Every structure is written in structure tokens, then in C-alpha cells.
Amino acid sequence: MRTNFLAPLLLAGALCIPALAQEPVKIGVVAPFSGVAADYGRQMEAGIKAWMRLNGDTIAGRKVQLLVRDTGGPNPEVAKRLAQELVTRDKVDFLAGFGFTPEALAAAPVATEAKVPMIVMNAASSVVTTRSPYIARLSMTLPQVSAPMATWAAKNGIRKVYTLVADYAPGIDSENAFKTAFTAAGGQVVDSVRVPLRNPEFAPFVQRIKDAKPEAVFMFVPAGEQSIAFMKAFDERGLAKAGIKVIATGDLTDDNVLNAMGDPVVGVITSHHYSAHHDSPENKAFVRAFKEVGGNLPRPNFMGVGGYDGMAAIAEVVKKLGAKIDGDRAMEVLKGLKLASPRGPISIDPATRDIVQTVYIRRVEKIGNEYWNVEFDRFPDVKDPGK
Ligand code: PHB
């Protein structure tokens, strides 16, 4: 009798002692936290912290430790150096973050060399996951979100489109995927322009688009300041009045800056994987938690949800592997992983380590004093069409 009585206590003790001795789970977050893209990093970090707010900061007895590093980017050399320091000096279990494709590409060989899983929370050029077997992407790819916009536009009577994209890998991916899907559906791309990644002056490009008289302009530029600048030029040059519509990937109507874009953005149609307006219990809980940890960030955007889901994926690995994160075993956990994300159901394609997810078609609406991406159509289970 007596031994039976003591058994649960002894068992509890046995479970507790190793838990107390556990090392923290170290996550090195590499992203811009200063400069024009400072909100990329801030959104991802707040997304990670929102996950911890809802699920706790200890996984399998290991406390989560974030080592946040600012690239001030886009800045590939700095991203590579920071990733290197995180794996060699700080001995992180995971690399995470990566807002810009060039930064992710620069860090990829570091992940390979050290066999450290690298959780991409935004960088969205198709090629990223091919650069290291230790990369899993919890964000999107540009072709994945661009092709559905083309299919939707062609189905809804838009025939002649002018494309404008940022002149680097994600922009070129977006342009190509849009063109392929749009022409396959019977549409015509009348002309295409690529604008510099840094500080583009949109007015002359917008004027050329106006002169070409397309029915719509399809565009991708990296989220943030540039979206505001584009919509300002579009408004000032009177394109909407000339009957030219804007269709875009949701980077243009990024939730982080949407309220700053104002009335010219109402009615703009975009395709993307996440809207803060998405109606689900998971998203409501996420938005609430994000507001508690996000400082002065107005609401989560797609990089915020990338941070949240990236952290959820890391948690699954830690739960399975416990005290020691072996890179190869971690990738086995990540391949085929399914999660109920605030954006909807997601999974990691075991063949490409890219995300499979619903892509939504949304329209910007003003509700009260705020602007939102309101979803009204969807393409379920979309993969990168080029892979
Ligand atoms: C990228 O560089 O991969 C990137 C940056 C900003 C975006 C989307 C993609 O909004």
C-alpha cells in the first residue's frame, strides 16, 4: 500500500528533475528591425510572441529564447554574417525570420553547413527552399499567390493587363506566374515593366501605364512604403478615373500600412494567403494576442502570421525531438506537417518544403474608420505552380 501511495510522487519527481535541467530552445531571428523595412522584423517577432502568449513560452520543458538580429536590410551580406554568428557563437537550435529573398539566399549555405533548420517567415521567391535542404517555408511563394489573381481576373472579364513588378527575383517570379496563368486563361499582357527594388520613382511608370490604356494593372512590390508610394502616384495621375483597375498580390494592401493608404485603395482587388480580417476562431485569438504583444503595430499582416506559424512549426519539432534538435530529424518532422493556422489550413509539401495553403481573393473596403482586405473568393490547397 505504502509504495503505491508514494509512486505518483516519485514519478512526478523523476519527470520534474530533467525538466528543470533543460537547456532553452534558442531561435535566432534574422530580419530587418531598422530602416525602411523595420516592420518586417517587428511583425515577425510580434507573431512569434503572439504564439507564445497563446501557448506558453516553454515547449517540452525547454524555455524559448529569441535571439533577435537586425539586418537593417535588404542586406544579404549582413544577414549571412548574423546567421553565421548565431550558429557558431550562440549555438542556436533554429534560424528563423528572413523578410527579403536576397537575405534568405545569403543565409541558406550557413544552414546547410551547420545542419540547422531555417524557418522562412516571409522571403517568397520560388527558389529559396531549393537553396538548402534545411529550409522550410511557412509564408508563401510569389507564383503561388500571383497565379490565382490571373485566373480570377480572366474569369471576371479582365482581358488586357499591364504588369509592374519590382526588379528582383520575387517580382520576376510574380510577373512570370501571372503571365503564364493569364494567357492560359485567354487574357493578354499588353506590356510589362520592372521597377528598381530600392526607392523607385513610380510617376513615370504610372504615366506609361495610363497611356497604354489597359483594363487593369497587375503589380507586385515588396510590402510597406512602396505600396503607399505606388497608390499615391496612381491616384495623382488619375488612372482610376481613366477606368484602369489595380489588381495585385496582397503585398500591396499589406495590413500593416493599409490604413495609411486611405481612400485611393478602396476597391483594389488582391490575392493573398492572409488578411487580418479573416473570419475564424484561430484568427480572432491570434489578432487579440498580437495586439497584446505588438507594441504600436496596428494589426498582424502576412509577415506576422508567418512568424506565428513559423513558431508553431518550431514547437512541433521541439515537442517531437525534445532536448536535442538534430537538423535532419527536424526536417523529417517539418515535411508533411499540417497546422490549423490563423490564415486557414496549411501544410508543408514534403517534396519542396514549401507551404500549401488557401489563396484568397480580397477587396479593400472601408469599415467604420478602418480599411480591411475583405475575402470574397478562394482557391484551396494551392502549391507553387512552378514546382
Ligand atoms: C521577398 O524579398 O521575398 C519579399 C519581400 C517583401 C514582400 C514579399 C516578398 O512583400
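Start with the largest cavity, which has a volume of about 100 Å³. Keep in mind as you click around that this is a predicted model. There's no need to hunt for rivals: the structure holds 1 cavity of 30 Å³ or more.

To bring up the walls, select Gly99, Asn122, Tyr168, Phe220 and Asp251; out of 17 lining residues, these lie nearest the centre of the cavity. Now colour the lining by class. You should get 13 nonpolar residues, 3 polar ones and 1 charged one.

What takes up the space of the largest cavity? Turn the ligand on and you'll see: the ligand occupies that space.

**Around the ligand**

Next, select the shell. It has 15 residues, and Thr101, Ala124, Tyr168, Ala223 and Asp251 are the closest of them. Colour this set by class too: 11 come up nonpolar, 3 polar and 1 charged. Tyr168 and Asp251 may look familiar, as both were on the list for the cavity centre.

Now zoom in on the oxygen atoms of the ligand and check three distances:

- Thr101: a polar atom of its side chain is 2.6 Å from a ligand oxygen.
- Tyr168: here a polar side-chain atom and a ligand oxygen are 2.7 Å apart.
- Asp251: an N or O atom in the side chain lies 2.6 Å from an oxygen of the ligand.

How much of the ligand's exposed area does the protein bury? On its own the ligand exposes 280 Å², and the protein buries 100% of that. If you switch on a protein surface, expect the ligand to vanish behind it, given that 100% burial.

**Over to the largest pocket**

Leave the ligand and go to the largest pocket, where about 440 Å³ of space lies. Select Val36, Ala37, Ala223, Glu225 and Gln226 to find the middle: among the 24 lining residues, they lie nearest the pocket centre. Ala223 is worth a label, since you have already met it among the closest residues to the ligand.

Which helices each supply at least two residues of this lining? Show the cartoon and pick out H2, residues 38-55, and H8, residues 225-236. H8 is the biggest contributor, giving 4 residues to the pocket lining.

Finish by colouring the pocket lining the way you did the cavity. By class there are 14 nonpolar, 6 polar and 4 charged residues. For a last side-by-side view, put the cavity lining back on screen, with its 13 nonpolar, 3 polar and 1 charged.

Notes:
Residues numbered from 1 in each chain as written. Predicted model: local features only at pLDDT ≥ 70, side-chain atom pairs only at ≥ 80, totals over all residues. Heavy atoms only, no water. Near = heavy atom within 4 Å. Polar contact = N/O pair within 3.5 Å; in protein donor to acceptor, adjacent residues only side chain to side chain. Areas by Shrake-Rupley, 256 points an atom, 1.4 Å probe, with all protein chains shown as cover. 1 Å grid on protein atoms, 1.4 Å probe; cavity = no way out; pocket = protein on both sides within 12 Å on 5 of 7 lines; lining within 4 Å. Sits in = over half its atoms within 2 Å of the grid points. Nonpolar A, V, L, I, M, F, W, Y, C, P; charged D, E, K, R; others polar. Points joined across faces, edges and corners; volume = space filled by probe spheres on them.
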